[in-house]
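Colleague: I would like to go through this model and ask how each label is earned. Please set the values against the definitions as you answer.

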Amino acid sequence: MSDFTHINKKGSPKMVNVSDKKITKRTAIAKATMFLGKEVISNFSDNELATKKGPVFQTAIIAGIQGVKKTSELIPMCHPLLINGVDVDIQIIDSENIEVLCKVTIEGKTGVEMEALTGANITCLTIYDMCKSISQKMVIKEVKLIEKTGGKSDISNG
């Protein structure tokens, strides 16, 4: 159990103490791929779909940013952070699928991997919510960390 940083010596949950860590610039990029299907994507024009709820991708980007900021409220062991920047990008990659990239930056004592992963997920969930009247066959297929910099180690999962 000693390899898990969020478990104390008694085996109980704990929040990691970051008080002795140095403040460094940290980034994380998460990628989500989502199947929308031809039925949904065929309604898009110029990489956007206007609905009664608003523009789908623009609304989803804002929701993703909000998700990044709310991560510590959703995931119990995440520290509340002063995020420096969030960039969410959505691309239609073929006639059925999209890709979401969420990049988060901070100068702090802890990384922002969970924030990037949460932002990518919330972006996809918002797209699902806004398009479910067209089809409920959409699938969030994969969400993964593709890059992390700063802290103890850098990671690149391409």
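Modeller: Start with Asp129, which is partly exposed because its relative accessible area is 32%, and the class runs between two limits: buried is under 20% relative accessible area, exposed is over 50%, and partly exposed is in between (1.4 Å probe, protein chains only). Before going on: this is a predicted model, in which local features need pLDDT of at least 70 and side-chain atom pairs count only at pLDDT 80 or more, while totals for chains, interfaces and linings use all residues. Residues are numbered from 1 along each chain as its sequence is written, and side-chain values use heavy atoms, with hydrogens and water left out.

Colleague: What makes the contact of Asp129 and Lys132 a salt bridge?

Modeller: The rule asks for a side-chain nitrogen of Lys or Arg within 4 Å of a carboxyl oxygen of Asp or Glu. For Asp129 and Lys132 the N to O distance is 2.8 Å, so the pair satisfies the rule. Lys132 is partly exposed, at 35%. Salt bridges with shared partners also join Lys53, Asp129 and Lys132 into one network.

Colleague: How many salt bridges does the rule give?

Modeller: Four. One of them joins Glu99 and Lys31, at 3.8 Å from N to O. Glu99 belongs to strand 5 and Lys31 to strand 1, 68 residues apart, so this pair links distant parts of the chain; helices (H or I, at least four residues) and strands (E, at least two) are DSSP runs, numbered from the N terminus.

Colleague: Why is Lys31 called buried?

Modeller: Because its relative accessibility is 17%, and buried means under 20%. Glu99, at 22%, counts as partly exposed.

Colleague: How do you know that strand 4 and strand 5 pair?

Modeller: Two strands pair if DSSP finds at least two bridges between them. Strand 4 (residues 85-92) and strand 5 (residues 97-108) have eight bridges, in the antiparallel sense. The bridge partner of Gln91 is Glu99 in strand 5. The two strands form a hairpin with four residues between them.

Colleague: Which strands stand at the edges of the sheet, and why?

Modeller: The open sheet has five strands in the order 4-5-1-6-7, with antiparallel pairing. Strand 4 and strand 7 (155-156) are the edges because each has a single partner strand, which leaves one side without a neighbour in the sheet. Further in, strand 1 (residues 24-35) and strand 6 (residues 139-149) pair over nine bridges, with Lys31 opposite Lys144 in strand 6.

Colleague: Why is Cys102 said to be in no disulfide?

Modeller: A disulfide is a pair of cysteine sulfur atoms within 2.5 Å, and the count by this rule is zero. The cysteine sulfur nearest to that of Cys102 belongs to Cys124, 10 Å away, so the pair fails the cut-off. Cys102 counts as buried, because its relative accessibility is 0%. Cys124 is buried too, at 0%.

Colleague: What is noted about the phi of Asp46?

Modeller: Its phi is positive, about 55°, although Asp46 is not a glycine. Most residues other than glycine have a negative phi. Asp46 lies in the loop between helix 1 (38-41) and strand 2 (50-51), and counts as exposed because its relative accessibility is 78%.

Colleague: Where is confidence lowest, and where is it highest?

Modeller: On pLDDT, the predictor's confidence in each residue from 0 to 100, strand 2 is lowest at a mean of 86 and helix 2 (residues 56-69) highest at 98. The chain mean is 93.
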